[in-house]
Amino acid sequence: MEFRCKSPFDCILFDLDDTLYSSKTGLAQVCKRNIEDFLVEKCGFPVEKASDLRIELFRTYGSTLAGLRALGYDIDADDYHSFVHGTMPYERIKPDVKLRSIIQSIMQRKIIFTNSDRIHARRALQRLGLEDCFDDIICFETLNPNLFQSNRPDEFPVLLKPSMDAMKIALDVAGSDPTRTLFLDDNDRNISAGKALGLRTALVGKSVKTMEADYLVESISNLDKVIPEIWGYEEEGFIARARSEMESMLEATPVGA
Ligand SMILES: [Mg+2]
């Protein structure tokens, strides 16, 4: 007899970097170093200022590329991405058979939602062995379609997570009710933006849950243990959970209230 109830989710949005593979690969550090090299070699900033500038542009504009273009530097997005990702040690990303079987067993719409460019996203997914596991990839090019036709660097601001406009584009592509869409990301600012739009949120790869995260998934390979609801509730577990939630509500209610 089947005791499963319907899943509360119609669509799952997965961030890619540091979410589907661990930050321990160190790829983010290499990427940061490459960005600093770009600032020195392509934009002419002094070596000793590169690190502070990268951090400042990220804080103010959401990314180095966004900041440089907003400041009037005519940086071609494809050139930038091939410079900062071109020499990354992709071999550090290993095929993840367990994650593949978890993701393949999810029947809902599954979408990659990353700020990275399409070439990087495909390479990372290929390394993980997940290139055929998703219905769609929302990436830099999806979020910034006008950038590639623009003649003026400041004509279209670069759109990236966690901006609300970027989040809305993702929801549009997902085509699902935000309250029935689960968004997984390792970045707490992205999680906050998702929550502000009414998404269900899971902070990944961290050990402490933030307020805006509905779930904490310390390791993506435990996704099935931490959020079994994705696959639908098991009737017995569902009832037990509902009962324990009701009990804790009752405990929190002062006597005579
Ligand atoms: Mg990430």
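Student: Let's start with S4, helix H9 (residues 188-196) and S5: what kind of unit do they make?
Tutor: First, a caveat: this is a predicted model, in which local features need pLDDT of at least 70, side-chain atom pairs count only at pLDDT 80 or more, and totals for chains, interfaces and linings use all residues. Residues are numbered from 1 along each chain as its sequence is written, and side-chain values use heavy atoms, leaving out hydrogens and water. Helices (H or I, at least four residues) and strands (E, at least two) are DSSP runs numbered from the N terminus, and a crossover is right-handed if, with the strands pointing away from the viewer, the path from the first strand over the helix to the second runs clockwise. By that rule, S4, H9 and S5 make a right-handed β-α-β unit.

Student: How many bridges join S5 to strand S6 (residues 215-217)?
Tutor: Strands pair if DSSP finds at least two bridges between them. On one side, S4 (residues 181-185) and S5 run parallel, with Leu184 partnered by Ala202 in S5. On the other pairing, Val204 stands opposite Val217 in S6. S5 and S6 run parallel too, and the bridge count is 3.

Student: Is strand S5 (residues 200-204) largely enclosed or largely open?
Tutor: Count the buried residues, meaning those under 20% relative accessible area with a 1.4 Å probe and protein chains only (exposed is over 50%, partly exposed in between). In S5 that is 4 of the 5 residues, so the strand is, with respect to the rest of the structure, largely enclosed.

Student: Where does the largest nonpolar core lie?
Tutor: A nonpolar core is a set of buried Ala, Val, Leu, Ile, Met, Phe, Trp, Tyr and Cys residues joined through side-chain atoms within 4.5 Å. This one has 54 residues, and Phe14, Leu20 and Leu223 touch the most other members. Its largest share, 6 residues, comes from helix H1 (residues 27-41). Since domain 1 (1-19 + 100-256) and domain 2 (22-92), with bounds from an automatic or database domain assignment, both give residues to this core, it lies between domain 1 and domain 2.

Student: And how many residues are in the other core, apart from that one?
Tutor: It includes Cys11, Leu143, Leu159 and Leu171. The count is 19.

Student: How far is the C-alpha atom of Leu160 from that of Ser63?
Tutor: Leu160 belongs to the loop between helix H7 (140-143) and helix H8 (164-174), and is buried at a relative accessible area of 8%. Beyond its neighbours within four places in sequence, its contacts (heavy atoms within 4.5 Å) are Gly62, Ser63, Asn115, Phe140, Leu143 and Ala166. Ser63 is 97 residues away along the chain, yet the C-alpha separation is 8.1 Å.

Student: Which residue is joined to Lys161 by a cis peptide bond?
Tutor: Most residues other than glycine have a negative phi, and most peptide bonds are trans. Here omega is about 5°, and the partner sits in the loop between H7 and H8. The residue joined to Lys161 is Pro162.

Student: What is the phi of Asp18 near?
Tutor: Asp18 is in the loop between strand S1 (11-14) and H1. Asp18 is buried, with a relative accessible area of 19%. Phi has a positive value in this residue other than glycine, near 65°.
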